[in-house]
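Thank you all for coming; I would like to walk you through one structure today, and I ask you to keep it open in front of you while I talk. I will go from the inside outwards and finish with the chain as a whole.

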Amino acid sequence: MLKIAIFLACIGLAWYLGRRSHRPKEPPRKINLPRDYLIGLNFLLNEETDKAVDIFIKMLEVDSDTVETHLAVGKLFRKRGEVDRAIRIHQNLIARPQLEKIYREQSLFELGQDYLSAGVLDRAERIFLDLVNAKSHAAGALRILIDIYQQEKDWKNAVEMAHKYEAVTRQSMQPVIAHYYCELAEIAYQKRQYEEALPYLKKALASDHSCVRASLLQAKVFIERGEYKSALSSLKKIKNQNPDYLSEAIELLASCYEKIGDEESLVLYLKQLLDEHPRVPVVLILAERIRKRKGDKVAAKFVADYVRRYPSLRGLYTFVNLYISSAEGRAKEDLHILQNLMKKLLADKSDYQCNSCGFSGKSLHWQCPGCKEWSTMLPAYRLEEEFA
(Lines give C-alpha, C1' and ligand atoms only; values in the text may rest on other atoms or scores of the structure.)
Protein backbone atom coordinates (compact mmCIF):
# COMPACT_ATOMS: atom_id res chain seq x y z
CA MET A 1 0.00 0.00 0.00
CA LEU A 2 2.87 2.38 0.81
CA LYS A 3 4.31 1.97 -2.69
CA ILE A 4 0.92 2.76 -4.23
CA ALA A 5 0.58 5.88 -2.08
CA ILE A 6 4.05 7.13 -3.08
CA PHE A 7 3.29 6.35 -6.72
CA LEU A 8 0.06 8.36 -6.55
CA ALA A 9 1.81 11.22 -4.78
CA CYS A 10 4.33 11.46 -7.61
CA ILE A 11 1.60 11.25 -10.24
CA GLY A 12 -0.44 13.93 -8.44
CA LEU A 13 2.53 16.29 -8.27
CA ALA A 14 3.40 15.70 -11.92
CA TRP A 15 -0.21 16.33 -12.92
CA TYR A 16 -0.34 19.58 -10.92
CA LEU A 17 2.95 20.87 -12.32
CA GLY A 18 1.86 19.87 -15.82
CA ARG A 19 -1.29 21.95 -15.45
CA ARG A 20 0.78 24.94 -14.38
CA SER A 21 3.09 24.55 -17.39
CA HIS A 22 0.16 25.09 -19.77
CA ARG A 23 -0.60 28.53 -18.31
CA PRO A 24 0.70 31.72 -20.01
CA LYS A 25 4.28 32.59 -19.15
CA GLU A 26 4.57 34.45 -15.87
CA PRO A 27 7.53 35.82 -13.94
CA PRO A 28 9.11 33.18 -11.69
CA ARG A 29 7.37 32.97 -8.35
CA LYS A 30 7.00 30.64 -5.42
CA ILE A 31 5.13 27.39 -6.15
CA ASN A 32 2.19 26.84 -3.82
CA LEU A 33 1.29 23.17 -3.69
CA PRO A 34 -2.41 22.30 -3.35
CA ARG A 35 -3.62 21.95 0.22
CA ASP A 36 -4.95 18.38 -0.48
CA TYR A 37 -1.51 17.37 -1.70
CA LEU A 38 0.10 18.56 1.53
CA ILE A 39 -2.56 16.77 3.59
CA GLY A 40 -1.88 13.58 1.61
CA LEU A 41 1.86 13.89 2.24
CA ASN A 42 1.18 14.37 5.93
CA PHE A 43 -0.88 11.14 6.01
CA LEU A 44 1.94 9.39 4.13
CA LEU A 45 4.58 10.56 6.61
CA ASN A 46 2.39 9.40 9.50
CA GLU A 47 2.08 5.98 7.82
CA GLU A 48 -1.66 6.46 7.31
CA THR A 49 -1.39 5.15 3.76
CA ASP A 50 -5.11 4.37 3.32
CA LYS A 51 -6.05 8.00 3.87
CA ALA A 52 -3.13 9.19 1.72
CA VAL A 53 -4.28 7.02 -1.21
CA ASP A 54 -7.83 8.39 -0.97
CA ILE A 55 -6.57 12.00 -1.00
CA PHE A 56 -4.28 11.49 -4.01
CA ILE A 57 -7.03 9.72 -6.00
CA LYS A 58 -9.43 12.61 -5.36
CA MET A 59 -6.75 15.08 -6.47
CA LEU A 60 -6.44 13.53 -9.93
CA GLU A 61 -9.18 14.99 -12.08
CA VAL A 62 -10.49 12.46 -14.57
CA ASP A 63 -9.48 13.60 -18.05
CA SER A 64 -7.72 12.14 -21.08
CA ASP A 65 -4.37 12.63 -19.36
CA THR A 66 -5.19 10.84 -16.11
CA VAL A 67 -7.78 8.17 -16.95
CA GLU A 68 -5.06 5.62 -17.77
CA THR A 69 -3.56 6.26 -14.34
CA HIS A 70 -6.92 5.63 -12.64
CA LEU A 71 -7.35 2.40 -14.60
CA ALA A 72 -3.83 1.25 -13.75
CA VAL A 73 -4.28 1.99 -10.04
CA GLY A 74 -7.66 0.21 -9.98
CA LYS A 75 -6.16 -2.87 -11.60
CA LEU A 76 -3.27 -2.75 -9.13
CA PHE A 77 -5.71 -2.70 -6.19
CA ARG A 78 -7.59 -5.69 -7.61
CA LYS A 79 -4.40 -7.71 -8.04
CA ARG A 80 -3.50 -6.95 -4.42
CA GLY A 81 -6.89 -8.26 -3.31
CA GLU A 82 -8.21 -4.81 -2.37
CA VAL A 83 -11.31 -5.23 -4.49
CA ASP A 84 -13.42 -2.61 -2.68
CA ARG A 85 -10.92 0.11 -3.59
CA ALA A 86 -10.74 -1.10 -7.19
CA ILE A 87 -14.53 -1.00 -7.44
CA ARG A 88 -14.63 2.54 -6.05
CA ILE A 89 -12.06 3.80 -8.56
CA HIS A 90 -13.80 2.22 -11.54
CA GLN A 91 -17.24 3.37 -10.42
CA ASN A 92 -15.82 6.88 -10.05
CA LEU A 93 -14.61 6.77 -13.65
CA ILE A 94 -17.94 5.52 -15.02
CA ALA A 95 -19.82 8.26 -13.15
CA ARG A 96 -18.01 10.95 -15.20
CA PRO A 97 -20.36 12.05 -18.02
CA GLN A 98 -17.50 13.54 -20.05
CA LEU A 99 -15.54 10.26 -20.17
CA GLU A 100 -14.77 9.10 -23.72
CA LYS A 101 -16.62 5.98 -24.93
CA ILE A 102 -13.47 3.87 -25.22
CA TYR A 103 -12.50 4.65 -21.62
CA ARG A 104 -16.04 4.10 -20.36
CA GLU A 105 -16.05 0.61 -21.91
CA GLN A 106 -12.60 -0.11 -20.47
CA SER A 107 -13.76 1.04 -17.03
CA LEU A 108 -16.86 -1.17 -17.25
CA PHE A 109 -14.70 -4.14 -18.25
CA GLU A 110 -12.41 -3.54 -15.26
CA LEU A 111 -15.41 -3.11 -12.93
CA GLY A 112 -16.83 -6.40 -14.18
CA GLN A 113 -13.54 -8.09 -13.30
CA ASP A 114 -13.63 -6.44 -9.88
CA TYR A 115 -17.04 -7.99 -9.19
CA LEU A 116 -15.77 -11.30 -10.53
CA SER A 117 -12.83 -11.20 -8.10
CA ALA A 118 -15.24 -10.38 -5.28
CA GLY A 119 -17.44 -13.36 -6.22
CA VAL A 120 -20.41 -11.14 -7.09
CA LEU A 121 -21.21 -13.08 -10.25
CA ASP A 122 -24.65 -11.59 -10.95
CA ARG A 123 -23.29 -8.02 -11.17
CA ALA A 124 -20.31 -9.17 -13.22
CA GLU A 125 -22.64 -11.04 -15.57
CA ARG A 126 -24.82 -7.95 -16.15
CA ILE A 127 -21.80 -5.80 -17.00
CA PHE A 128 -20.27 -8.32 -19.42
CA LEU A 129 -23.63 -8.89 -21.12
CA ASP A 130 -23.72 -5.13 -21.82
CA LEU A 131 -20.17 -5.27 -23.19
CA VAL A 132 -20.97 -8.09 -25.65
CA ASN A 133 -22.15 -5.41 -28.07
CA ALA A 134 -19.03 -3.28 -27.60
CA LYS A 135 -16.58 -4.17 -30.37
CA SER A 136 -13.54 -3.28 -28.29
CA HIS A 137 -14.39 -5.78 -25.51
CA ALA A 138 -16.84 -8.25 -27.06
CA ALA A 139 -14.39 -11.17 -27.20
CA GLY A 140 -13.12 -10.64 -23.65
CA ALA A 141 -16.64 -10.22 -22.28
CA LEU A 142 -17.86 -13.39 -24.01
CA ARG A 143 -14.87 -15.39 -22.74
CA ILE A 144 -15.60 -14.31 -19.17
CA LEU A 145 -19.34 -14.99 -19.55
CA ILE A 146 -18.52 -18.53 -20.71
CA ASP A 147 -16.43 -19.00 -17.55
CA ILE A 148 -19.23 -17.61 -15.38
CA TYR A 149 -21.84 -19.93 -16.90
CA GLN A 150 -19.48 -22.89 -16.48
CA GLN A 151 -19.10 -22.03 -12.78
CA GLU A 152 -22.87 -21.73 -12.43
CA LYS A 153 -23.46 -24.87 -14.52
CA ASP A 154 -25.78 -22.83 -16.74
CA TRP A 155 -25.03 -24.96 -19.78
CA LYS A 156 -27.65 -23.52 -22.13
CA ASN A 157 -26.30 -20.00 -21.73
CA ALA A 158 -22.77 -21.40 -22.02
CA VAL A 159 -23.70 -22.87 -25.42
CA GLU A 160 -25.16 -19.55 -26.55
CA MET A 161 -22.12 -17.53 -25.50
CA ALA A 162 -19.71 -20.06 -27.02
CA HIS A 163 -21.46 -19.72 -30.40
CA LYS A 164 -21.23 -15.92 -30.14
CA TYR A 165 -17.56 -16.18 -29.19
CA GLU A 166 -16.95 -18.25 -32.33
CA ALA A 167 -18.65 -15.60 -34.46
CA VAL A 168 -16.57 -12.78 -32.95
CA THR A 169 -13.16 -14.48 -32.86
CA ARG A 170 -13.46 -17.04 -35.70
CA GLN A 171 -12.07 -19.61 -33.23
CA SER A 172 -13.78 -22.99 -33.02
CA MET A 173 -15.49 -23.83 -29.74
CA GLN A 174 -17.17 -26.98 -31.06
CA PRO A 175 -15.36 -29.55 -28.84
CA VAL A 176 -16.26 -27.48 -25.75
CA ILE A 177 -19.84 -26.96 -26.94
CA ALA A 178 -20.11 -30.75 -27.29
CA HIS A 179 -19.29 -31.06 -23.57
CA TYR A 180 -21.96 -28.50 -22.70
CA TYR A 181 -24.54 -30.63 -24.53
CA CYS A 182 -23.19 -33.68 -22.68
CA GLU A 183 -23.68 -31.86 -19.37
CA LEU A 184 -27.32 -31.25 -20.29
CA ALA A 185 -27.65 -34.90 -21.34
CA GLU A 186 -26.10 -36.04 -18.03
CA ILE A 187 -28.74 -34.09 -16.10
CA ALA A 188 -31.53 -35.71 -18.12
CA TYR A 189 -29.91 -39.17 -17.76
CA GLN A 190 -29.69 -38.85 -13.97
CA LYS A 191 -33.41 -38.04 -13.94
CA ARG A 192 -34.05 -41.09 -16.19
CA GLN A 193 -35.36 -38.73 -18.87
CA TYR A 194 -33.78 -40.71 -21.69
CA GLU A 195 -35.90 -39.21 -24.47
CA GLU A 196 -34.58 -35.79 -23.49
CA ALA A 197 -30.97 -36.96 -23.15
CA LEU A 198 -30.63 -38.46 -26.66
CA PRO A 199 -31.23 -35.21 -28.65
CA TYR A 200 -28.57 -33.44 -26.57
CA LEU A 201 -26.13 -36.27 -27.31
CA LYS A 202 -26.95 -36.05 -31.01
CA LYS A 203 -26.10 -32.33 -30.88
CA ALA A 204 -22.89 -33.11 -29.00
CA LEU A 205 -21.74 -35.53 -31.70
CA ALA A 206 -22.77 -33.05 -34.40
CA SER A 207 -20.59 -30.44 -32.69
CA ASP A 208 -17.66 -32.82 -32.26
CA HIS A 209 -17.79 -36.24 -33.91
CA SER A 210 -14.76 -37.25 -31.78
CA CYS A 211 -16.60 -36.69 -28.49
CA VAL A 212 -15.98 -39.92 -26.54
CA ARG A 213 -18.12 -38.69 -23.69
CA ALA A 214 -21.18 -38.40 -25.93
CA SER A 215 -20.73 -41.93 -27.30
CA LEU A 216 -20.31 -43.39 -23.81
CA LEU A 217 -23.39 -41.68 -22.45
CA GLN A 218 -25.36 -42.57 -25.56
CA ALA A 219 -24.48 -46.23 -24.99
CA LYS A 220 -25.58 -46.00 -21.35
CA VAL A 221 -28.95 -44.58 -22.42
CA PHE A 222 -29.41 -47.40 -24.94
CA ILE A 223 -28.49 -50.00 -22.29
CA GLU A 224 -31.12 -48.56 -19.93
CA ARG A 225 -33.64 -48.91 -22.74
CA GLY A 226 -32.55 -52.50 -23.47
CA GLU A 227 -31.20 -51.55 -26.92
CA TYR A 228 -27.92 -53.46 -26.66
CA LYS A 229 -27.04 -53.52 -30.35
CA SER A 230 -27.44 -49.74 -30.54
CA ALA A 231 -25.27 -49.45 -27.44
CA LEU A 232 -22.58 -51.61 -29.10
CA SER A 233 -22.67 -49.36 -32.15
CA SER A 234 -22.01 -46.30 -29.96
CA LEU A 235 -19.25 -48.01 -27.98
CA LYS A 236 -17.43 -49.21 -31.08
CA LYS A 237 -17.02 -45.61 -32.25
CA ILE A 238 -14.67 -44.91 -29.36
CA LYS A 239 -11.66 -46.76 -30.80
CA ASN A 240 -11.68 -44.25 -33.67
CA GLN A 241 -12.64 -41.22 -31.57
CA ASN A 242 -9.87 -41.68 -28.99
CA PRO A 243 -8.60 -45.19 -28.15
CA ASP A 244 -7.08 -43.91 -24.90
CA TYR A 245 -10.60 -44.04 -23.45
CA LEU A 246 -11.24 -47.69 -24.35
CA SER A 247 -10.93 -48.47 -20.65
CA GLU A 248 -14.19 -46.57 -20.08
CA ALA A 249 -16.02 -48.58 -22.73
CA ILE A 250 -14.68 -52.11 -22.46
CA GLU A 251 -16.79 -53.34 -19.51
CA LEU A 252 -19.96 -51.92 -21.06
CA LEU A 253 -19.06 -53.51 -24.38
CA ALA A 254 -18.54 -56.95 -22.80
CA SER A 255 -21.82 -56.59 -20.90
CA CYS A 256 -23.74 -55.81 -24.11
CA TYR A 257 -22.32 -58.87 -25.90
CA GLU A 258 -23.27 -61.02 -22.91
CA LYS A 259 -26.80 -59.60 -22.90
CA ILE A 260 -27.31 -60.62 -26.53
CA GLY A 261 -25.62 -63.99 -25.88
CA ASP A 262 -22.80 -63.59 -28.39
CA GLU A 263 -19.60 -64.48 -26.52
CA GLU A 264 -17.84 -65.57 -29.73
CA SER A 265 -18.25 -62.15 -31.34
CA LEU A 266 -16.96 -60.51 -28.16
CA VAL A 267 -13.72 -62.55 -28.19
CA LEU A 268 -13.19 -61.89 -31.90
CA TYR A 269 -13.77 -58.17 -31.46
CA LEU A 270 -11.43 -57.99 -28.46
CA LYS A 271 -8.65 -59.74 -30.39
CA GLN A 272 -9.10 -57.31 -33.28
CA LEU A 273 -9.10 -54.41 -30.83
CA LEU A 274 -5.93 -55.65 -29.17
CA ASP A 275 -4.14 -55.86 -32.53
CA GLU A 276 -5.16 -52.32 -33.48
CA HIS A 277 -4.98 -50.64 -30.05
CA PRO A 278 -3.05 -52.64 -27.43
CA ARG A 279 -4.42 -51.55 -24.05
CA VAL A 280 -4.37 -53.14 -20.58
CA PRO A 281 -8.20 -53.06 -20.11
CA VAL A 282 -8.66 -55.02 -23.35
CA VAL A 283 -6.10 -57.58 -22.14
CA LEU A 284 -7.94 -57.94 -18.81
CA ILE A 285 -11.29 -58.69 -20.41
CA LEU A 286 -9.78 -61.03 -22.99
CA ALA A 287 -7.63 -62.83 -20.38
CA GLU A 288 -10.75 -63.51 -18.30
CA ARG A 289 -12.46 -65.09 -21.33
CA ILE A 290 -9.37 -67.23 -22.02
CA ARG A 291 -9.18 -68.28 -18.36
CA LYS A 292 -12.80 -69.47 -18.38
CA ARG A 293 -12.27 -71.48 -21.56
CA LYS A 294 -8.70 -72.76 -21.27
CA GLY A 295 -7.59 -72.23 -17.66
CA ASP A 296 -5.21 -70.01 -15.70
CA LYS A 297 -1.96 -71.18 -17.34
CA VAL A 298 -3.05 -70.32 -20.87
CA ALA A 299 -4.48 -66.99 -19.70
CA ALA A 300 -1.25 -66.22 -17.80
CA LYS A 301 0.84 -66.98 -20.90
CA PHE A 302 -1.38 -64.66 -22.95
CA VAL A 303 -0.90 -61.80 -20.45
CA ALA A 304 2.86 -62.50 -20.16
CA ASP A 305 3.26 -62.14 -23.93
CA TYR A 306 1.46 -58.79 -23.79
CA VAL A 307 3.53 -57.49 -20.84
CA ARG A 308 6.78 -58.38 -22.61
CA ARG A 309 5.76 -56.20 -25.56
CA TYR A 310 4.01 -53.45 -23.56
CA PRO A 311 5.39 -53.43 -19.99
CA SER A 312 3.25 -51.77 -17.32
CA LEU A 313 2.58 -52.24 -13.60
CA ARG A 314 -1.10 -53.05 -14.15
CA GLY A 315 -0.28 -55.61 -16.81
CA LEU A 316 2.30 -57.29 -14.58
CA TYR A 317 -0.16 -57.34 -11.67
CA THR A 318 -2.71 -59.13 -13.85
CA PHE A 319 -0.08 -61.71 -14.88
CA VAL A 320 0.89 -62.42 -11.25
CA ASN A 321 -2.76 -62.85 -10.25
CA LEU A 322 -3.25 -65.45 -12.97
CA TYR A 323 0.07 -67.27 -12.54
CA ILE A 324 -0.06 -67.52 -8.75
CA SER A 325 -2.81 -70.17 -8.76
CA SER A 326 -0.58 -72.64 -10.61
CA ALA A 327 2.61 -71.89 -8.61
CA GLU A 328 3.79 -74.07 -5.72
CA GLY A 329 6.03 -73.91 -2.65
CA ARG A 330 8.56 -71.06 -2.34
CA ALA A 331 7.63 -69.67 -5.76
CA LYS A 332 4.02 -69.21 -4.65
CA GLU A 333 5.12 -67.46 -1.44
CA ASP A 334 7.39 -65.11 -3.40
CA LEU A 335 4.57 -64.33 -5.85
CA HIS A 336 2.27 -63.51 -2.93
CA ILE A 337 4.84 -60.98 -1.67
CA LEU A 338 5.13 -59.47 -5.14
CA GLN A 339 1.34 -59.43 -5.51
CA ASN A 340 0.85 -57.54 -2.23
CA LEU A 341 3.59 -55.06 -3.08
CA MET A 342 2.09 -54.28 -6.48
CA LYS A 343 -1.39 -54.02 -4.97
CA LYS A 344 -0.13 -51.34 -2.58
CA LEU A 345 1.66 -49.49 -5.38
CA LEU A 346 -1.47 -49.49 -7.53
CA ALA A 347 -3.63 -48.36 -4.60
CA ASP A 348 -1.43 -45.27 -4.23
CA LYS A 349 -1.49 -44.46 -7.93
CA SER A 350 -4.08 -42.20 -9.49
CA ASP A 351 -6.44 -43.69 -12.04
CA TYR A 352 -6.57 -40.53 -14.16
CA GLN A 353 -4.17 -37.69 -14.92
CA CYS A 354 -4.45 -34.44 -16.85
CA ASN A 355 -1.99 -34.27 -19.73
CA SER A 356 -2.15 -30.47 -19.62
CA CYS A 357 -1.46 -29.52 -15.98
CA GLY A 358 -0.69 -32.88 -14.32
CA PHE A 359 -3.71 -32.92 -11.99
CA SER A 360 -4.49 -36.51 -10.96
CA GLY A 361 -7.29 -38.32 -9.19
CA LYS A 362 -9.32 -41.50 -8.83
CA SER A 363 -12.30 -40.27 -10.87
CA LEU A 364 -12.60 -39.25 -14.50
CA HIS A 365 -13.39 -35.54 -14.84
CA TRP A 366 -14.24 -34.44 -18.35
CA GLN A 367 -13.19 -30.94 -17.30
CA CYS A 368 -9.92 -30.94 -15.37
CA PRO A 369 -10.46 -29.48 -11.86
CA GLY A 370 -6.94 -28.05 -12.04
CA CYS A 371 -6.57 -26.19 -15.33
CA LYS A 372 -10.29 -26.25 -16.31
CA GLU A 373 -9.46 -27.66 -19.76
CA TRP A 374 -11.86 -30.16 -21.33
CA SER A 375 -10.96 -33.73 -22.37
CA THR A 376 -7.43 -33.57 -20.96
CA MET A 377 -7.87 -36.19 -18.19
CA LEU A 378 -6.50 -39.53 -19.45
CA PRO A 379 -6.61 -42.99 -17.88
CA ALA A 380 -3.35 -43.43 -15.96
CA TYR A 381 -2.64 -46.87 -17.47
CA ARG A 382 -2.23 -45.17 -20.85
CA LEU A 383 0.34 -42.73 -19.50
CA GLU A 384 2.19 -45.66 -17.87
CA GLU A 385 2.43 -47.46 -21.21
CA GLU A 386 3.67 -44.35 -23.00
CA PHE A 387 6.61 -43.95 -20.62
CA ALA A 388 7.34 -47.63 -20.02
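Let me begin with the largest nonpolar core, which in this predicted model has 84 residues, and in which F128, Y180, L201, L235 and I238 are the residues with the most contacts inside the core. If you ask which helix gives this core its largest share, it is helix α10, residues 174–190, with ten residues. As a general background, in soluble globular proteins nonpolar side chains tend to be buried together.

Y180 is a good residue to centre your view on: if we leave aside the neighbours within four places in sequence, Y180 is in contact with I146, Q150, W155, A158, V159, A162 and W374. Two of those partners come back when we look at rings, since ring pairs link W155, Y180 and W374 into a cluster.

There is also a second, separate core, made of six residues, and Y317, V320, I324 and M342 are among them. V320 belongs to helix α19, which covers residues 313–323, and this valine counts as buried because its relative accessibility is 2%. Setting aside residues up to four places away in sequence, V320 touches L335, L338, Q339 and M342. For L335 we also have a backbone distance, in that the C-alpha atoms of V320 and L335 are separated by 6.8 Å, with the two positions 15 residues apart along the chain counted as their separation.

Now to some polar residues in the interior. Is S107, in helix α6 (residues 101–118), buried or exposed? S107 counts as buried, because its relative accessibility is 0%, and beyond the residues up to four places away in sequence it touches L71, H90, L93, I94 and L99.

E125, which lies in helix α7, residues 121–131, deserves a careful look, because a salt bridge here requires a side-chain nitrogen within 4 Å of a carboxyl oxygen. E125 is buried and has no salt bridge, and the nearest side chain of opposite charge, that of R126, is 7.0 Å away. Apart from neighbours within four places in sequence, the contacts of E125 are L145, I148, Y149 and E152.

On salt bridges in general, the structure holds 19 of them, and I have picked a few that differ in their surroundings. R85 and E82 form one, with the closest N and O atoms 3.4 Å apart, and both R85 and E82 are buried. R291 pairs with D296, with 4.0 Å between the closest N and O atoms; R291 counts as partly exposed at 31% relative accessibility, and D296 is likewise partly exposed, with a relative accessible area of 25%.

The bridge between D305 and R308 has its closest N and O atoms 2.8 Å apart, and the two residues sit three residues apart in helix α18 (residues 296–309), which is about one turn of the helix. In this pair D305 counts as partly exposed at 30% relative accessibility, whereas R308, at 63%, counts as exposed. Please also find K75, R78, E110 and D114, which are linked in a network of salt bridges.

Turning to the aromatic residues, how many aromatic pairs does the structure hold? The answer is seven. In one of them, the rings of Y189 and Y194 have their centres 5.8 Å apart and their planes at 50°, so this pair is described as tilted, and both Y189 and Y194 are buried.

Two rings also have a charge placed over them. The charged end of R143 sits over the ring of Y165, at 5.6 Å from the ring centre, and the charged end of K236 sits over the ring of Y269, at 4.8 Å from the ring centre.

Let me close with the chain as a whole. Its secondary structure comes to 21 helices and three strands, and of its 388 residues, 46% count as buried. Finally, if we take the contacts with a separation of 6 or more, residues 24 or more positions apart account for 51% of them.

Technical notes: Residues numbered from 1 in each chain as written. Predicted model: local features only at pLDDT ≥ 70, side-chain atom pairs only at ≥ 80, totals over all residues. Heavy atoms only, no water. Core = buried A, V, L, I, M, F, W, Y, C linked by side-chain atoms within 4.5 Å. Buried < 20%, exposed > 50% of the residue type's maximum accessible area, 1.4 Å probe, protein only. Helix = DSSP H or I, 4+ residues; strand = E, 2+ residues; numbered from the N terminus. Contact = heavy atoms within 4.5 Å. Lys, Arg positive; Asp, Glu negative; His and termini not counted. Phe/Tyr/Trp six-rings, centres within 6.5 Å; stacked < 30°, edge-to-face > 60°. Lys NZ or Arg CZ within 6 Å of the ring centre and 35° of its normal.
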